[in-house]
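Trainee: Please give me a close account of the interior of this protein: the packed parts, the spaces left between atoms, and the places where the backbone takes an unusual turn. I should like the individual residues to be named.

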Amino acid sequence: MNSAESAALGLVCREHGWTAAPDGESADLVLLNTCSVRATAEQRVFGRLALYASLKKKRRAPERPLTLVVAGCIAQRLGDRLKEKIPAVDYVMGTAARSVFPLILQAAEQGIPPAEAVRGGLPGMEETPVFSFSSAHLEEGPDGQSPFRSFVPIMHGCDNFCSYCIVPYVRGREVSRAPAAIMEELRLLAGRGVREITLLGQNVNTYRWEGPVPGRDDAGVLDFPGLLELIAGELAHSPIRWVRFLSANPKDFSPAAIRIMAENPLFCRHLHLCVQHGSNQVLAAMNRRYTREQYLALVRDIRSALPGITLSTDILVGFPGETEKDLDLTLELMEEVKFLYAYMYHYNPREGTAAYNLPGRISEGVKRARLSRVIALQKRHTGELLKNRIGSRETVLIEGISRKNADELITRTERDEMAVVPGKASLTGSFAALTLSGLRGNTFRAKEISLL
Ligand code: SF4
């Protein structure tokens with residue numbers, strides 16, 4: 001989500017005639033789009049801010065001041081306290097306040113001091129911000145080239161309040177984007193040669209739009225399966241041939257969404273379906289609002305409608321009150337599902353969340369030991385699943401040159417598996433067919449590709 005929003009802010013800069021500086025030292029304006037989902041992400045931001053604060057101090061030419069802007073979730077969480085903490089920060093732009101960014105650019109262009117601009121020197125700066133979606137989120141390389149894939153936000157915010165999570169407090173309640181605006185962005189991306197999109201939201205399955213829907217005479221309610229159908233219609237003859245979405249909350253994944261995915265090859269055969277834990281006791285304490293039995297039933301439904309689909313997940317161990325038995329239940333669930341990969345963490349208390357005050361905190365040593373058991377099992381599953389795929393013929397999207405070998409291309413299957421194959425950089429962004437002939441670590445190798 002932050003990548004998409006950073007791309008949108010980058011577009012605003014370009015629309016106002018700004019260009020990317022090679023580094024912070026030569027920049028006229030530095031914008032840090034921050035994440036506060038984990039405490040470590042916040043610490044990194046404060047490290048960067050200290051660096052830019054010292055750059056600002058050292059800048060000799062007063063006619064070229066450095067404007068320092070902090071955007072995103074930390075800005076939302078701390079507000080003006082951030083400026084008190086680091087006075088070098090000129091503007092704090094919360095998640096709902098991105099609409100003031102053009103005014104910040106204008107103030108910097110006209111040399112209006114930030115304090116004056118904030119006091120109302122620029123009309124609109126002081127208005128209470130209301131969240132609105134940006135119209136475009138396509139990242140652009142320094143050479144001005146469009147990439148071959150893009151994020152497309154369809155929702156913002158979250159109503160779920162999982163007890164460990166800060167997101168609902170910093171991004172606010174769920175808002176769904178107008179389908180007409182989504183379709184417009186899809187047409188723009190298709191025109192720029194994009195081949196793959198990822199629909200984004202904290203919980204895409206609860207997308208709900210009430211109002212005018214493109215292609216329908218009557219205004220009505222559009223839910224997530226309805227949106228997928230609309231997108232499938234829009235992209236029927238488009239260069240965009242792959243659609244993914246993130247994040248899918250198991251408690252809201254409907255049979256209708258599974259059916260529409262199964263009916264349309266546009267939707268990639270991979271799902272990131274966060275489980276977080278395998279014990280009902282822990283899932284309830286996390287306020288996830290599904291049980292392991294419901295999760296496993298959903299996996300069975302998905303697999304029977306979409307044979308061959310791969311699943312990935314998030315797993316959070318060491319939650320307050322977690323027992324060894326709870327951990328065993330998580331390992332058993334992993335054995336049953338066999339995820340292709342997982343993002344695995346141990347719990348760290350996050351101030352401001354409901355779980356912060358829960359009793360039964362687990363010691364660091366135990367958390368680490370439990371996490372390593374989860375990681376070891378996942379490593380085994382990933383290895384086994386990949387090994388079984390050797391020999392299979394696949395369609396891939398070529399993502400660019402491999403970092404390890406300039407003569408090799410890095411490609412991705414629709415099931416989210418990586419494969420390298422000899423080839424030239426000019427093929428980046430093309431669809432191709434290859435045979436998975438071997439493995440190096442978790443990356444497949446192939447001998448040759450045929451462009452599709
Ligand atoms: S669904 Fe839960 S974990 Fe995901 S953003 Fe919302 S509150 Fe956080």
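Mentor: The account below begins with the packed interior, passes to the empty spaces and the ligand, and ends with the loops and one strand. Please keep in mind throughout that this is a predicted model.

The largest nonpolar core contains 61 residues. Within that core, the residues with the most contacts are Ile154, Ile197, Leu199, Tyr207, Phe245, Phe253 and Tyr295. The element that gives the most to this core is helix α9, residues 224-234, which provides 6 residues. A second core lies apart from this one; it has 19 residues, including Ala27, Leu49, Ala53 and Leu82.

Ile197 merits a closer look, being one of the residues with the most contacts inside the largest core. When neighbours within four places in sequence are set aside, Ile197 is in contact with Ser150, Val152, Leu186, Leu189, Leu235, Ile240, Trp242, Val243 and Arg244. Among these partners, Trp242 and Val243 belong to the range of β10, which runs over residues 242-246. Burial can also be followed along a helix: in α5, residues 101-110, the buried positions are Phe101, Leu103, Ile104, Leu105 and Ala107. Just after α5 comes Gly111, with a positive phi of about 70 degrees.

We turn now to the empty spaces. Rolling a probe the size of a water molecule over the atoms shows where empty space is left. Over the whole structure, such a search finds 1 cavity of 30 Å³ or more. The space in the largest cavity amounts to about 40 Å³. Its lining is made up of Met1, Glu5, Arg98, Phe131, Phe133, Ser134, His137, Pro153 and His156. By class, 4 of the lining residues are nonpolar, 3 are polar and 2 are charged.

The second largest pocket has a volume of about 1300 Å³. A total of 36 residues line this pocket, and those nearest its centre are Ser6, Gly10, Ala20, Leu29 and Leu31. At least two lining residues come from each of α1 (2-15), β1 (29-34) and α2 (39-58). Of the contributors to the lining, α1 has the largest share, with 8 residues. In the lining of this pocket, 18 residues are nonpolar, 11 are polar and 7 are charged.

The ligand has its own surroundings, formed by Cys158, Asn160, Phe161, Cys162, Tyr164, Cys165, Val167, Pro168, Gln202, Asn249 and Arg288. This shell comprises 7 nonpolar, 3 polar and 1 charged residues. One member of the shell, Phe161, is found in the loop between β5 (155-156) and α7 (167-171). Phe161 takes a positive phi of about 50 degrees although it is not a glycine. The relative accessibility of Phe161 is 31%, so this residue is classed as partly exposed.

Two further loops show backbone features of note. Gln276 lies between β11 (270-272) and α11 (280-285). Phi of Gln276 is near 70 degrees, again a positive value in a residue other than glycine. Because its relative accessibility is 7%, Gln276 counts as buried. Ser247, in turn, sits in the loop between β10 (242-246) and α10 (255-263). The peptide bond leading from Leu246 into Ser247 is cis, and its omega is near -15 degrees.

Two other loop residues differ in exposure. Asp90, placed between α4 (81-85) and β3 (91-93), counts as buried because its relative accessibility is 13%. Beyond its neighbours within four places in sequence, Asp90 is in contact with Lys56, Leu66, Thr67, Leu68, Lys83 and Pro114. Ser132, by contrast, has a relative accessible area of 40% and is therefore partly exposed. Ser132 belongs to the loop between α6 (114-121) and β4 (149-153). In sequence, Ser132 and Val175 are 43 residues apart, while their C-alpha atoms are 9.0 Å apart in space.

Finally, Leu439 is part of strand β18, residues 438-440. With a relative accessibility of 30%, Leu439 is regarded as partly exposed. Leaving out residues up to four places away in sequence, Leu439 touches Leu386, Lys387, Ile390, Phe444 and Arg445. The C-alpha atoms of Leu439 and Arg389 are 9.8 Å apart, although 50 residues separate the two in sequence.

Terms used. Residues are numbered from 1 along each chain as its sequence is written. This is a predicted model: local features need pLDDT of at least 70, side-chain atom pairs count only at pLDDT 80 or more; totals for chains, interfaces and linings use all residues. Side-chain values use heavy atoms; hydrogens and water are left out. A nonpolar core is a set of buried Ala, Val, Leu, Ile, Met, Phe, Trp, Tyr and Cys residues joined through side-chain atoms within 4.5 Å. Buried means under 20% relative accessible area, exposed over 50%, partly exposed in between (1.4 Å probe, protein chains only). Helices (H or I, at least four residues) and strands (E, at least two) are DSSP runs, numbered from the N terminus. Contact means heavy atoms within 4.5 Å. A residue is near a molecule or strand if one of its heavy atoms lies within 4 Å of it. Ala, Val, Leu, Ile, Met, Phe, Trp, Tyr, Cys and Pro count as nonpolar, Asp, Glu, Lys and Arg as charged, and the others, Gly among them, as polar. On a 1 Å grid over the protein atoms alone, a cavity is a set of points where a 1.4 Å probe fits but cannot get out, and a pocket is an open set with protein on both sides within 12 Å along at least five of seven lines; lining residues have an atom within 4 Å of a point. Grid points are joined across faces, edges and corners, and a volume is the space filled by probe spheres set on the points.
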